[in-house]
Amino acid sequence: TVASDFKCKTCEEFRSSRSDGLQLLLDECSEELHKRNPTDIEFSRAEEIKTGRLMLPIRKIPSCILSMRGLRCLDVTGHPVETLPPEIGELTSLTRLVVVSSNLTELPEELCKLLYLEQLVVSCCPIRRLPEDLCNLVRLWDFYFDGNQLVEMPQKFPPLLNGIKVSGNLLKQLPDAVGTCKDVKSVRAYANQLSSLPESICNLSYATEMSLQGNRLEYLPAALGSLQQLQYLSLHDNNLRTLPASVVQLQELQWLYLYNNKLQDLPKGIGRLRRLERLLVEANPLSKASLADLALGPPLRLLGLDAAQAARHPAPPWASVGWMIPWGKLYAKLQPASQLKRKAGVEPIQGAQPPEHNDVLVVSFAASQAEPEWLGVLSQVHAGQISIAEAEAQISMENVGTFSSLFRK
């Protein structure tokens, strides 16, 4: 409750200011969150959708907030905040701090005094470096620093981190300290400028996901196969010429994305990992021997090949074959619909892309991992499980109600 008519001029300004005082909180704070957790403050620009009015853009952390020693959560998503003042270090009860899509260029060293901080999200900001003493945040287990302009990482990390999430920056290397984060389950460092990985990354024995696509990787650590819990490994859109032989030791691996590299040979047996479901190797100059090894099976849920590869060696029946279309640094895959799930007797396409098509789909890897979201619908029609009319309703986004009800069904 905000009292009114303070006799003290300073207190009255603290109460009534719409730019720096408590009135700002009443006007702009996300109401539901504050009612549920009075110690949490969220200034999300998404509230504009709900209220139907423009929110006051916040360019600095209001003074009234900096005096709240019991504050646990502070979220200023979407506001043009330019600095975090040194006084942020006095919010010693803070457990979660979120700054997304702001004009923040640096984090103050005082941030490292927040010893109760557990979650730190700083994304889509022009930050280039992080405080070296970030390792002092001994309770921090979750941090996101994706979509910034980071050129380097601290040499030490907080001890309880469960993920390294630094995608979409300008990093040329990861520090050896990455390997000291024993609890890390996810490494997301895609869309950087990495040319190699530290050997210590192979110490992350609990890691289940590594997303390293869109870098400049030329080789991988020889001991990569020691990551026995790894289930998802994304290495596409790099400069890899070879893979370590130890990759075939990744017995829990389910998804392996290798397309758009410079691979000529794959470790023998890579397609026969016991849990492997998806293997994408398009846009690689693979040798006949490697293609023949992939064709030995067993069948995968998805084996992605391109038409040039299929021309060098017959593609197995379970392979999804198409023409690769360069799109800047990315690729799209052009496929006749008949190639998505080939029926018996339908041959895989081979050779150069013809000038005209009658039955063609463009499949975006980034959006659907080479398998359209509605592919299951086509299979249901073919099996007679649903009608054409039901399928059309399900894949059309014009009637969201119909789509949702079918999806739940």
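Buried means under 20% relative accessible area. The model treated in these exercises is predicted.

**Exercise 1. Classify Glu-282 and its salt-bridge partner by exposure, and place both in the chain.**

Step 1. Take Glu-282. Its relative accessibility is 0%, so Glu-282 counts as buried.

Step 2. Find the partner. Glu-282 meets the side chain of Lys-333 in a salt bridge, at 2.7 Å from N to O.

Step 3. Place the two residues. Lys-333 belongs to strand β14 (residues 330-336), while Glu-282 sits in the loop between β11 and α6 (288-294); the pair therefore ties together parts that are 51 residues apart in sequence.

Step 4. Classify Lys-333. Its relative accessible area is 1%, so Lys-333 is buried.

**Exercise 2. Describe the surroundings of Gly-322.**

Step 1. Locate the residue. Gly-322 is part of strand β13 (residues 319-327).

Step 2. Check exposure. Gly-322 has 0% relative accessibility and so counts as buried.

Step 3. List contacts, leaving aside neighbours within four places in sequence. Gly-322 touches Leu-305, Asp-306, Ala-307, Lys-333, Leu-334, Gln-335 and Ile-349. Lys-333, one of these contacts, is also the salt-bridge partner of Glu-282.

Step 4. Take one C-alpha distance. Gly-322 and Leu-305 are 17 residues apart along the chain, and their C-alpha atoms are separated by 6.9 Å.

**Exercise 3. Work through the salt bridges of Arg-188 and Arg-274.**

Step 1. Recall the principle. Side chains of opposite charge can pair when their charged atoms come close.

Step 2. Get the total. The whole structure holds eight salt bridges.

Step 3. Pair Arg-188. Its partner is Glu-209, with the closest N and O atoms 3.2 Å apart. Arg-188 lies in strand β7 (residues 186-188) and Glu-209 in strand β8 (residues 209-211), so this salt bridge ties together parts that are 21 residues apart in sequence.

Step 4. Assign exposure to this pair. Arg-188 is partly exposed, at 29% relative accessible area. Glu-209 is buried, at 17% relative accessibility.

Step 5. Pair Arg-274. Its partner is Glu-252, and the closest N and O atoms are 2.7 Å apart. The pair links distant parts of the chain, 22 residues apart: Arg-274 is in the loop between β10 (255-257) and β11 (278-280), and Glu-252 is in the loop between β9 (232-234) and β10.

Step 6. Assign exposure to Arg-274. The cut-off for exposed is over 50%. At 57% relative accessible area, Arg-274 is exposed.

Step 7. Extend to the network. Salt bridges with shared partners join Glu-252, Arg-274 and Arg-275 into one network.

**Exercise 4. Decide whether Cys-135 is bonded or too far for a bond.**

Step 1. Find the closest cysteine sulfur. It belongs to Cys-112, 7.6 Å from the sulfur of Cys-135.

Step 2. Apply the cut-off. A disulfide needs sulfur atoms within 2.5 Å. The separation of 7.6 Å is therefore too far for a bond.

Step 3. Check the whole structure. It holds zero disulfides.

Step 4. Add exposure. Cys-135 is buried, at 18% relative accessibility. Cys-73 is buried too, at 7%.

**Exercise 5. Characterise Asn-260 by location, exposure and side-chain contact.**

Step 1. Locate the residue. Asn-260 is in the loop between β10 and β11.

Step 2. Classify. Its relative accessible area is 15%, so Asn-260 is buried.

Step 3. Identify the contact. The side chains of Asn-260 and Asp-237 make a polar contact at 2.5 Å.

Definitions and conventions
Residues numbered from 1 in each chain as written. Predicted model: local features only at pLDDT ≥ 70, side-chain atom pairs only at ≥ 80, totals over all residues. Heavy atoms only, no water. Helix = DSSP H or I, 4+ residues; strand = E, 2+ residues; numbered from the N terminus. Buried < 20%, exposed > 50% of the residue type's maximum accessible area, 1.4 Å probe, protein only. Contact = heavy atoms within 4.5 Å. Salt bridge = Lys/Arg side-chain N within 4 Å of Asp/Glu carboxyl O. Polar contact = N/O pair within 3.5 Å; in protein donor to acceptor, adjacent residues only side chain to side chain.
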